[in-house]
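Student: Could you take one part of this protein and walk me through it slowly? I'd like to hear about the aromatic rings and what sits around them, and then about the charged side chains.

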Amino acid sequence: MPVVPSVATDRYYVNHEIGDYLRIAEEAAPHLLRLYTIGTSYEGRPLYMAEITNRATGEGHEKPALWIDGGWRGGQLLGSSACLELVRQLTAHYGRDPVVSDLLDHVTFYVCPRLAADAGDLSLHTGEWCWSSTRPVAPGMTGLRPGDANGDGRSLQMRQQDPLGQWKVSRRDARLMVPRSPEDRQGPFYRLMPEGLCEGGSRATHGAVRSRLDLERNFPCSDWDPEICGPYPLSEPEPRVVADFFRSHANLGAVVSFGNLGSGLCMPEPTRADAPLVNRLARKLQEWTNLAVNQTTSPGYLQWAYQNQGLLVVRCEPWSLGRVVGVERFDPDRPLDEPEQASVIRWLDQNCPGAFYPWTAFDHPQLGPVELGGWEWLYSWLNPPPGGLLQSELDRFSKLVLGVAQCLPRLHVSEFIEETLGWAESHDGEEYPPLRKLRAVVHNRGFLPTWVCRGAERQTQGHLELQLLMDHGTSLVLGKERTQGQQLVGVGLNEAETAVPYTAGDAAEARYEVEWLVQGAGRVQLEVRHPRAGMCHLNVSADRAVHHSAEPVPAPQPPPYSAPLPPPPPPPSRPAARPSAPTPLAPPPAPPPQAPPPVPQRPAAAPARPGVPQPPARPAAIARPPAPPPQPPAQPAPPPQVPAAASRPVPQPAPRSGHLGQPPGTAAALAAGNAPQQQPVPLAAPTSPPPAPAGGRVLGSPPPKAGNPVSAFAAHARELIQASQQRPAVQNEPPARPPTGGGGDFEPFSPGLPIKSAYGQPAESPASVDFDELGLPPDPMDSRVLPPLLLRKREKGK
């Protein structure tokens with residue numbers, strides 16, 4: 001299997017060698033790299049572009065992308081070698097470096113090593129200085145054409161003696177040429193020009209450059225100069241190819257271009273909306289590369305990509321001979337003075353021999369006697385000399401690209417949950433289709449927002465889109481199959497910074513939530529895409545695929561209903577076994593789990609008491625039906641004659657304690673921890689509503705006794721008075737009241753018609769229920785058994 005070779009550091013590549021290197025890398029890593037030719041140059045040379053990403057995790061257009069190019073200048077050869085070194089690191093370190101592996105799984109790299117292919121090959125083959133393109137701006141223009149004049153394969157400088165010359169020989173070093181000062185009167189003085197031949201044969205056009213066309217300025221911009229920018233925007237094939245590629249690839253989010261002579265990083269001046277985030281990112285890039293970051297407003301390629309396309313643009317200009325030598329305050333637009341040039345020559349003699357050539361005489365065919373020598377610009381000022389300096393610059397450029405790639409937006413689906421809510425009705429014997437609720441939460445875990453940069457905001461950066469893809473037999477009940485969401489901010493703070501740190505921004509903009517209701521058991525696939533943040537694919541319900549065979553499919557059992565069901569009937573009552581000897585030191589058992597309290601039921605009969613005759617059998621529990629409609633009063637029927645009430649012993653009421661239905665002593669037994677377990681009381685069957693009262697009798701009371709009701713009540717009252725006289729008197733302490741809230745031993749009743757009591761006085765609310773007939777003990781709060789003092793208080797306070 002081929003291996004990606006190392007990038008040569010002893011020379012620079014011509015255009016066809018760049019294509020050969022990319023082909024070898026494609027053969028070595030076919031799953032990561034694809035080689036394309038996106039167009040041709042003015043002279044017909046192919047423009048190579050490598051797409052690098054892990055296609056096992058998605059195609060290149062489905063991921064956020066980064067564009068890297070080697071620059072637009074013919075003499076800037078370092079950018080091409082830096083792009084090839086980036087290709088080598090990405091393809092060779094995948095699976096070994098976790099950062100590279102993560103980036104290739106989620107990011108696409110578009111690498112174009114050389115855009116000015118014609119000018120680059122011309123500089124390497126002939127040494128001719130060419131700005132950007134070989135196309136002449138004005139046909140027939142005469143002037144000096146830089147190149148190799150003596151045929152030694154180098155393009156140096158020429159100097160020719162001229163009394164009106166602007167240069168002189170330095171006193172510090174005879175090889176060095178310095179500008180002429182105002183007080184200089186003694187020669188010799190020289191005219192300094194690049195090595196080359198003159199076209200047109202006129203000495204008056206010395207030093208004129210044949211072509212000043214700059215491909216970087218051929219992009220649409222406001223400051224247009226036809227001599228430098230071209231006849232019209234995108235008139236040249238190289239810028240037109242790049243512009244078409246940018247417009248057709250919406251996943252592009254950032255651009256890293258290469259340049260020279262800047263000694264740092266350059267970014268377009270951001271707008272007010274982008275300034276906080278771009279400035280914060282610029283400081284981070286400066287930390288990664290140890291290069292100063294400058295902002296520019298010059299028109300051209302950088303401004304077009306930022307203002308028109310809304311991309312994050314970074315130009316890397318790492319090489320600077322003055323910075324490497326240690327010249328302070330180096331500025332490419334400011335010429336070096338004599339001491340600074342002398343220090344540069346001494347450094348080149350020690351570290352890069354051959355970067356400065358001594359002056360030698362040459363008979364120029366057009367200019368006559370001249371001297372050739374001086375700086376070799378191609379391998380000193382424009383590019384680092386081949387060797388160790390070139391290798392160090394290649395590593396610096398790769399770190400910058402990987403850092404920018406980690407800042408791109410990246411979509412992530414944090415939640416995609418399915419919940420079955422129920423089952424729909426089946427038709428024609430089909431299976432029961434489930435009703436499933438789907439919920440998805442999408443957020444951006446990249447540093448930059450999904451719109452990357454707003455630029456001039458003349459174009460849309462796309463929207464977040466969620467789409468459901470369902471199998472046959474699965475339908476959407478609620479929601480939309482294609483949903484457009486909002487733009488998502490990244491993890492980078494997108495607010496202005498102040499001296500005092502604070503937290504700003506809306507957290508709701510960092511994620512987007514959406515829900516659907518789906519009917520059917522088929523598989524559902526979710527696609528989340530954003531033009532600049534990539535695409536995500538998720539599947540749910542893979543195990544619930546639709547059954548496509550001809551065999552009948554059994555209907556699934558519906559899930560249990562979650563509503564509360566009525567309690568089951570209690571088991572038959574059985575006497576609980578009383579423990580023989582309770583353990584005094586044993587802790588009480590843990591209480592059983594709390595259950596809903598049963599509806600209190602009246603016991604079937606009063607508990608048996610020793611020595612007291614049992615009352616007659618108690619009728620079934622009286623159900624309280626809703627009040628019947630009012631009826632017209634009827635004539636009271638004569639009551640049946642009953643014998644006079646016979647004298648009988650009155651049962652003694654036992655002291656009440658505990659709860660309803662507990663025998664005496666239960667509360668004390670519970671406190672001691674040895675009380676028997678209380679058995680549930682069986683529910684009594686409800687009875688039919690009684691007939692309407694005929695003689696004004698209270699609803700719910702037993703039928704009247706035979707005989708005179710007044711005499712029967714008087715006899716019963718006398719028995720109660722005798723029973724109250726036999727009870728021990730309690731001084732200043734009223735008898736215990738039953739527990740409130742329905743805890744008494746008798747059923748509340750409605751007051752009856754006022755009748756005369758045994759004392760001949762009308763009672764406020766005489767009882768219409770006979771305690772003895774119902775088998776209930778007398779109520780201690782009854783007015784017939786209360787002491788006179790309490791009775792007076794009760795009558796007074798009503």
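Tutor: Sure, let's start with the rings and then turn to the charges.

A quick word on the ground rules. This is a predicted model, where local features need pLDDT of at least 70, side-chain atom pairs count only at pLDDT 80 or more, and totals for chains, interfaces and linings use all residues. Residues are numbered from 1 along each chain as its sequence is written, and side-chain values use heavy atoms, with hydrogens and water left out.

Now the rings. A pair of aromatic rings is described by the distance of the centres and the angle of the planes. Rings of Phe, Tyr and Trp (its six-membered ring) pair if their centres lie within 6.5 Å; planes under 30 degrees apart are stacked, over 60 edge-to-face, and the rest tilted. The count by this rule is 14 aromatic pairs. Take Phe-219 and Trp-304: their centres are 5.1 Å apart with 35 degrees between the planes, a tilted pair. Phe-219 sits in the loop between β10 and α5 (226-229) and Trp-304 in helix α8 (residues 301-308), so the pair ties together parts that are 85 residues apart in sequence. (Helices here are DSSP runs of H or I with at least four residues, strands are runs of E with at least two, and both are numbered from the N terminus.) Both Phe-219 and Trp-304 are buried, meaning under 20% relative accessible area; exposed is over 50%, and partly exposed is in between (1.4 Å probe, protein chains only).

Those two rings belong to a cluster: ring pairs link Trp-67, Trp-72, Tyr-110, Phe-219, Phe-245, Phe-246, Tyr-301 and Trp-304. Pro-239, in helix α6 (residues 237-248), touches two of its members, Trp-72 and Phe-219, as well as Leu-215, Asn-218 and Leu-234, leaving aside residues up to four places away in sequence. Touching, or contact, means heavy atoms within 4.5 Å. Pro-239 counts as buried because its relative accessibility is 0%.

On to the charges. Side chains of opposite charge can pair when their charged atoms come close. A salt bridge is a side-chain nitrogen of Lys or Arg within 4 Å of a carboxyl oxygen of Asp or Glu, and the count here is 29. In one of them, Arg-159 meets Glu-371 at 2.9 Å, N to O. Arg-159 lies in strand β6 (residues 157-161) and Glu-371 in strand β16, so this bridge ties together parts that are 212 residues apart in sequence. Arg-159 is buried because its relative accessibility is 7%. Another bridge joins Arg-45 and Glu-43 at 2.6 Å, N to O. Arg-45 is partly exposed at 24%, and Glu-43 is partly exposed too, at 45%. Both belong to a network of salt bridges with Arg-114, Asp-118 and Asp-121.

Finally, Glu-195, in the loop between β9 (190-194) and β10 (196-199). Glu-195 is buried yet has no salt bridge; the nearest side chain of opposite charge, Arg-154, is 7.1 Å away. (Lys and Arg count as positive, Asp and Glu as negative, while His and the chain ends are not counted.) What does lie by its side chain? A polar atom of the Glu-195 side chain is 2.9 Å from the backbone nitrogen of Ala-149, and the backbone nitrogen of Leu-156 lies 2.7 Å from a polar atom of that Glu-195 side chain.

Definitions and conventions:
Lys and Arg count as positive and Asp and Glu as negative; His and the chain ends are not counted. A polar contact is a pair of N or O atoms within 3.5 Å; within protein, one must be able to donate a hydrogen and the other to accept it, and residues adjacent in sequence count only if both atoms are side-chain atoms.
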